[in-house]
Amino acid sequence: MKAILINPDKSLVWADVPDPVIGSEDVLVKIHYAALNRADLMQRDGDYPPPAGCPEWMGLEISGTIEKLGDEAAKKSNYKVGDKVMALLGGGGYAEYVSVKYDMLMPVPKGRTMAEAAAMPEAYATAYLNLFIEGGAKAGNTLLMHAGASGLASVVIPMAKAFGLRVITSVLSDEIAEKIKPLGADLIVNTSKQDIAEVLRGQLEAGTPVDVAIDCLGGSFMGGCLPYLAHGARWIMIAALAGTKTEIDLKNIYVRNVRIIGSTLRSRTPEFKAELLKKLVSDVWPKVEAGYMKPSIYKILPITEAEAAHAILQRGENVGKVVLVVSC
């Protein structure tokens, strides 16, 4: 089969690789679509290696059809050859086929296309993890979701709204703010014009402070925001695209019982991920099928144009997910 490999000069090439090996608990999936994540860019740069046992090529989420099931996979699951599925992967999605343990598969929600399905596993699992498991979010809470134009925000914001949260998000321009209005955020802050810390101060004074923040930016302003959160708030760090250093008033942290939580999905155990996917299917898929949320796709490109797809993320031009089509 073929997969996207990383050349020594960091360019990408669609090249021949060995066919996947199918274990007893594994399922062979013919990949239709693979979605991009910023972790792919990090892996390409050598900063985010795949977990042990995973293919060396990138790709954390895919949709496709089942080609073959191992003996134990057939016994322990309800899947059968020909089923349309999506999968959460440790790596290996930029390819024609992938071998994946049966409990990393999910059914495609009714009414969703295969391209949309590919854009769901990693983003929806990350959103659910940080909103409800790490963040403990509940109806009536206020969420701060940074980088409102990101692929993750395009999932987190509608998911939070579907579960009754109030949402504040940040963007870099009025143009982007206009583009993301359909996501349903209650307050969109253009940080090129407004100081986000001052906005959060105003929210605190108005009695509507942030209970949960999901931060992929970090940087110097992060510490400045912490004094203006709700008592017992959770600030969840998932990346540091704006910088790895900040200054924090530690007294504020312990007096206000603010928790700073580092979180990544890829580093979790397979057992944790399997339970997380079960929660997605039981708790979130009904809301997806009812139309409360849907994946937001910015652009679909052929797998052979993975380089151009990565460039879209590197430039930060996408509002929603970028998806690669492998076979339809």
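In which strand is Ile260 found? In this predicted model, Ile260 belongs to strand E13, which spans residues 259-262. Its relative accessibility is 39%, so Ile260 counts as partly exposed, given that the partly exposed class runs between the 20% limit for buried and the 50% limit for exposed. Together with Ile248 and Leu250, Ile260 makes a nonpolar surface patch of about 260 Å².

From the surface we turn to the interior. The largest nonpolar core has 87 residues, and the members that touch the most others are Tyr124, Leu131, Leu143 and Met159. Helix H4 supplies the largest share of this core, with eight residues. There is also a second core, separate from the first, with 19 residues, among them Leu144, Cys225, Leu226 and Val258.

Leu131 shows what such a core position looks like in terms of contacts. Setting aside neighbours within four places in sequence, Leu131 is in contact with Gly136, Ala137, Leu143, Val156, Met159, Ala160, Leu165 and Ile214. Of these partners, Val156, Met159 and Ala160 are among the buried residues of helix H5.

Helix H5 covers residues 153-162, and nine of its ten residues are buried. The buried set consists of Ala153, Ser154, Val155, Val156, Ile157, Pro158, Met159, Ala160 and Ala162. These residues pack against two helices, H4 (121-134) and H10 (270-289), and against the strands E8 (142-145), E9 (166-171) and E11 (210-215). Just after H5, Gly164 adopts a positive phi of about 85 degrees.

A loop residue comes next. Ile238 sits in the loop that links strand E12 (229-237) and helix H9 (250-255). Its C-alpha atom is 9.4 Å from that of Thr126, although the two residues are 112 positions apart along the chain. Not counting residues up to four places away in sequence, Ile238 touches Asn130, Leu152, Ile214, Asp215, Cys216 and Ser263. Ile214 is thus listed as a partner of Ile238 and also of Leu131.

The last stop is a charged residue. Asp40 is found in helix H1, residues 38-44. Asp40 is buried but has no salt bridge. The nearest side chain of opposite charge is that of Arg266, 6.2 Å away; a salt bridge would need a side-chain nitrogen within 4 Å of a carboxyl oxygen. With residues up to four places away in sequence left out, the contacts of Asp40 are Ala35, Met58, Gly59, Leu60, Tyr94 and His310.

Methods. Residues numbered from 1 in each chain as written. Predicted model: local features only at pLDDT ≥ 70, side-chain atom pairs only at ≥ 80, totals over all residues. Heavy atoms only, no water. Buried < 20%, exposed > 50% of the residue type's maximum accessible area, 1.4 Å probe, protein only. Helix = DSSP H or I, 4+ residues; strand = E, 2+ residues; numbered from the N terminus. Contact = heavy atoms within 4.5 Å. Lys, Arg positive; Asp, Glu negative; His and termini not counted. Core = buried A, V, L, I, M, F, W, Y, C linked by side-chain atoms within 4.5 Å. Patch = residues over 30% accessible without salt bridge, like charges linked within 9 Å, V, L, I, M, F, W, Y side chains within 5 Å. Areas by Shrake-Rupley, 256 points an atom, 1.4 Å probe, with all protein chains shown as cover.
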